[in-house]
Structure formats: C-alpha cells, structure tokens
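Welcome! Take a moment to look over the model below before we explore the spaces inside it.

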Amino acid sequence: MSFQHLSSPTPSQERIESKKRPHLSVFRFASFQNTNQAHDQAPPAYSRDDTLAERNQMHAKVLHWMRIAIALVSLVLSLIIIAFSGNVLRIYNDTRYNNVEWILPLWPATVDLRPARALVACGVVLAVFSLIYVVLALAPTSLRSIRPLNLVSTLLAFLSLFITIFTTAYSSTIDNHLSDNTQAGTLASWTCKWQGFSSVAPGRFADICSQSTAALDLVILMIVIEVLHVLLAGWGWWVGAKMKKVGGEKGIAV
C-alpha cells in the first residue's frame, strides 16, 4: 500500500465534507436579501403630486408678490390723485376772494366742486384699500394663507373697480354738462376754457386745468389696474383650488 493511496480521501468522505461545506447559493441569497433591505430603506421617489405641489407653491408666490405690486402701484397713484385734486381745491380757495390782480371776479357765481371732491374721495378710498391689503399680505399672521387673502383681494378689487368707474363717469358727466355754460362750471371746465391762451389766462388757471385733467386721467388708468387686480383675484382662487386638490391648502411661504 502506497502513501498516495492512503492520503487521498474516499468518495464517502467527499460527500460528507460537501454536506458540511455551505453552498454558494446561500451567500447569494443572503446578499440578495441585504440588497432588498437597502432598497426598502431608500427614500421614496419624487411623485407627481410632489411636482404639482411645488409648482402650485411657485404660482402662489408669484401671485402673492404680483398682488402686492399692484397694491403699491395703486397706492402711489391714489396719493398723486389726492395731491392733484387737493391742490386744485386749495388754489380755488386762495383765488376765490383774494383776486387782487384782477378787477373782475375770476370765478363764476356758481362753481361746482363735486368732481374735484369726488376725485379726492376716490383717491383716499383707493389708498386706504391698497394700504390694507399690503399690511395684511406682509403681516406675519394667519391671513397670509391663500384663502383669506383671496377673500380680501377679491372684495377690495371689485370695490375699487366700482369706485373708479363711478368716479370717472360722475366727474366726466358734470364736467361735460357745464363745459359750455358761461354762468357756471366746474374747476376743470371753467379753467380749461383758457387752454391756448396761457399768456392772458388768469393766474394758476393753467395749473388747475392740467392738474384736474391729470387727476381724472389717473382715475381712468386706475380702472385698468383694478381690472388686472380682479384677474389676479380669479387666478388666486384657481391656485387655491389646485393647492387644495393636491395636498391641502398650506398658504404662501414668503
């Protein structure tokens, strides 16, 4: 019997050793389980709802600042309307009785001040409305969520639009009615008769005419701005409905 024959294992011993030795598939299965667990612990994928929510939040931010910009523009124009109309009334009060430069009276017996006062009132109301919205939109309160701001913006937009249309129609109607009257007139209709005769026009008549006309033109411009404000209010309700549909209303993050 040789040493080579004694050292080689028998077939039965090989079968026993193979049973004790772990199979490679066990390691492969364990690694597969670890891979699955790693996938299970990974963060969820970015869903379509998340994309829509992010897009709606972006629209809400743009809407928020556009509304504030409209309110600030309206506030500035309202203050200019107040300044022009108030200055016109001041000049009239200064020259109504103290016309030492002219022997004849500068003004007719009847001067209708309603258009000028209507412009002042319109400017004051629009300025207050604009200031209210800016304060509410920028204040760190619960009103910064989109639904309450939609309510406030819609109410102020329609009220402002009605006021500007009414003021324009009211003032223009009175001015046109008295434009050809030689015994009465408004501040604008009476002073604007001297257009083209600035060299012989009574003092400050050119200023009264230009400022009265500018104030009325600014109110007409405010109609366009308030129409845009109404459109933004409608867009706000659309954005709010989209936000509520996707994941609940969360408000505007500034």
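Leaving aside its neighbours within four places in sequence, which residues is Ser212 in contact with? In this predicted model, Ser212 is in contact with Val88, Leu119 and Ala188, once those neighbours are set aside. Ser212 belongs to helix α8. Its relative accessible area is 11%, so Ser212 counts as buried, the cut-off being under 20%. A polar atom of the Ser212 side chain also lies 2.7 Å from the backbone oxygen of Ile208.

Let us turn to the open and closed spaces. The largest pocket has 18 lining residues, and Asp175, Ala188, Ser189, Thr213 and Leu216 are the ones that lie nearest its centre. Two or more lining residues come from each of α4 (48-97), α5 (114-138), α6 (146-177), α7 (187-191) and α8 (205-247).

Searching the whole structure also turns up two cavities of 30 Å³ or more. Lining the largest cavity are residues including Ala71, Ser74, Phe129, Tyr133, Glu226 and His229. Here α4, α5, α6 and α8 each give at least two residues to the lining.

The table sets out the two spaces.

| Item | Largest pocket | Largest cavity |
|---|---|---|
| Volume | about 230 Å³ | about 70 Å³ |
| Largest share of lining | α6, four residues | α5, four residues |
| Nonpolar lining residues | eight | six |
| Polar lining residues | nine | four |
| Charged lining residues | one | one |

Note on methods
Residues numbered from 1 in each chain as written. Predicted model: local features only at pLDDT ≥ 70, side-chain atom pairs only at ≥ 80, totals over all residues. Heavy atoms only, no water. 1 Å grid on protein atoms, 1.4 Å probe; cavity = no way out; pocket = protein on both sides within 12 Å on 5 of 7 lines; lining within 4 Å. Points joined across faces, edges and corners; volume = space filled by probe spheres on them. Nonpolar A, V, L, I, M, F, W, Y, C, P; charged D, E, K, R; others polar. Buried < 20%, exposed > 50% of the residue type's maximum accessible area, 1.4 Å probe, protein only. Polar contact = N/O pair within 3.5 Å; in protein donor to acceptor, adjacent residues only side chain to side chain. Contact = heavy atoms within 4.5 Å.
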